[in-house]
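Q: Please take a close look at one pair of packed helices in this structure, and explain how the two are placed.

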There are 2 protein chains.
Amino acid sequence: MCAKRRTTIQDVAIRAQVAPITVSRVVNNSGYVGQAVRERVQAAIQELGYVPNSLARGLRSRRTNTIALVLTDITNPFFTTMARGVEDAASDAGLMMLVCNTDEREEKELSYLRMLLQKRADGVLLVPARSGAQSLRLLRDQGVLTVVLDRRVADADTDVVRCDSERGAYELGRLLVSLGHRRVAVMAGPTGVSTSDDRVAGCMRALTEAGAADSCRVYRGELVQYSGADMAKKALAASPPPTALFAANNFIAIGALGAMHELGVRVPEDVALVAFDDLPPSLVTFPFLTVAAQPAYEMGRTAVQLLIDRLNGTAPKGRREIILPTEIIVRRSSGDPINGGD
Amino acid sequence: MCAKRRTTIQDVAIRAQVAPITVSRVVNNSGYVGQAVRERVQAAIQELGYVPNSLARGLRSRRTNTIALVLTDITNPFFTTMARGVEDAASDAGLMMLVCNTDEREEKELSYLRMLLQKRADGVLLVPARSGAQSLRLLRDQGVLTVVLDRRVADADTDVVRCDSERGAYELGRLLVSLGHRRVAVMAGPTGVSTSDDRVAGCMRALTEAGAADSCRVYRGELVQYSGADMAKKALAASPPPTALFAANNFIAIGALGAMHELGVRVPEDVALVAFDDLPPSLVTFPFLTVAAQPAYEMGRTAVQLLIDRLNGTAPKGRREIILPTEIIVRRSSGDPINGGD
DNA sequence: TTGTAAGCGTTATCAC
DNA sequence: GTGATAACGCTTACAA
């Protein structure tokens, strides 16, 4: 209720009959403190319920022990899992994690970054909504360590942890080709989101190699469920309709499945479906989608590790780009070979 | 790279030929500042790329404009949705949100709270892992405003926003009874989690009213998928087996569904299933579960509103408990009436 | 409308 | 081993 003054290091110092700096040493386990004094201080801390003020600490030491994860959509299980990876790694290292949602909007991204700069976060893990150019410039100008997560950026100076979307999509495309598909509808996110662009490119590479590029079509929407439904409906209305659909992420796939259900189109009997990103077992009763799965948790952990290396100064000079592999998991939605399958 | 000194209010003041306090007034839009001076200051801010230091600001003003959401499992869509509600409301009010995951462990909860006290969060929204008694005492001792979310607490002094789990569960139980079910297996979380306890109580009330309590059994596990699978297997191994299952949350239901699939038990033909918590459309292609849905997003928003009222001193004296209704959504998993149904 | 002075609670630096 | 002093960057309180 009352805005009681919180106990300060001074109060503890007086109680333990030492100087404030000695209390500081006990709290931080730094420097030499005699056993007797240490115990006296610890007792005083207990008795007074002293809680160090990290604002003052950060102001003086220029270290907040806080990192931020700026991502596009925490409701997507892929990012939720990544966030857990970041949190666990941060927690292990005694760092606190801040999460910010940009809803894929560059403007929200910048707004959050300005907040984080004010908070003096020690580092930022950024999943850029778009090119990230402006954001990375801002972070660099202010001297904040940054690791880009999940997506490619033009910037030649930042550490990056991501998956090989092009390759994963290529492999999914190859799978479709090997099953005999030549008319494929690619359902992608907006242009400028590197993962989406790379997945389109990878899938189209496989189809082009099979001489099927002309009979395929790319649809563009958002990386969300209703957009997936929309694109699936458009794709299936073409004539001749595609024999397979490629979804650039999990939400698009789910939306597409719903739309096809509505239209009475069966998967995989009438149309095959493959997608990027798996869903965790906690959310799926009957795994059904054939997917390129990304190691989201590992991505998060790895990014924190890169950041910590920089914070400790144990990182190499140059920029590091860590590209983790995707895993193709074949399930029912890709169906059996159709006429002409290998 | 280099640990450049960041631009301070001093630097801006010198550049604009004013006193630091004037810069402060411009930045915070507080007090009177002449038009000419204001423009000069703004120009200086731009030119120098000044970013206010919220550590210093918070240290001096005793306000961090930060609130924390401490919850048990961000991978659960129910909490993810709630978190979005909190974030949106916080963002509207110019507050930053911190999220902390306790994994349903009281020890992690306390550890995070201590961190938050150090960070001088202005308020805490707490989903207590267990009784929350120790946590609430800590928060009160340190004078941090608190709202308890989602769960009941014995504490007679804190604002609470939650759903009526007992009633929702009662209604689900009534539904089962009306469909003719008398042998129901209740799959719950650990004792001491109020939501789980209330749901067991509500469901059992309906069954008791129907004189069916003796033929029902309560299983206890964790609020996670594999535990749901486990409990479902145990329940179905009983003889005679239950005709219906009640899952205390969404993850338990998903695990139970998977287990039944494995066992070749069909839902709802062989066993009916009802559950607490709905899943968002972005994650479910074919909504199938009959559920008691909670307004997670609204819960988050409401909790922030209560907190803000307290921060502004516009809240009434006493404790407020806001209990939002659940909505019963009947889908396929509850099945048709069986012999003896109404 | 603008400015001066002091202090928020901690730690870096240097001294003993 | 322990302590004195100053400073981190900002805003409150008061003055002009």
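A: A helix pair in chain A

The axes of helix 10 (residues 225-237) of chain A and helix 11 (residues 250-263) of chain A come within 6 Å and cross at roughly 50°, where axes are lines fitted to C-alpha atoms over the stretch in contact and angles run from 0 to 180 degrees between N-to-C directions. Helices are DSSP runs (H or I, at least four residues), numbered from the N terminus, and strands are runs of E of at least two. This is a predicted model, in which local features need pLDDT of at least 70, side-chain atom pairs count only at pLDDT 80 or more, and totals for chains, interfaces and linings use all residues. Residues are numbered from 1 along each chain as its sequence is written, while chains are lettered from A and ligands numbered from 1 in the order in which they are written.

Helix 10 of chain A and helix 11 of chain A are therefore oblique to each other, a word for angles that are not under 35 degrees, over 145 or from 65 to 115. Among the residues that meet are A:Tyr226, A:Met231 and A:Leu236 in helix 10 of chain A, and A:Phe251, A:Ile254 and A:Met260 in helix 11 of chain A, contact being C-beta atoms, placed from the backbone, within 7 Å. The residues of this contact divide into 13 nonpolar, five polar and one charged, with Ala, Val, Leu, Ile, Met, Phe, Trp, Tyr, Cys and Pro counted as nonpolar, Asp, Glu, Lys and Arg as charged, and the others, Gly among them, as polar.

Chain A as a whole has 12 helices and 12 strands, and its C-alpha atoms fill a box of roughly 85 × 40 × 35 Å, taken along the principal axes. Of the contacts in chain A with a separation of 6 or more, 71% are between residues 24 or more positions apart.

Notes:
Contact = placed C-beta atoms within 7 Å.
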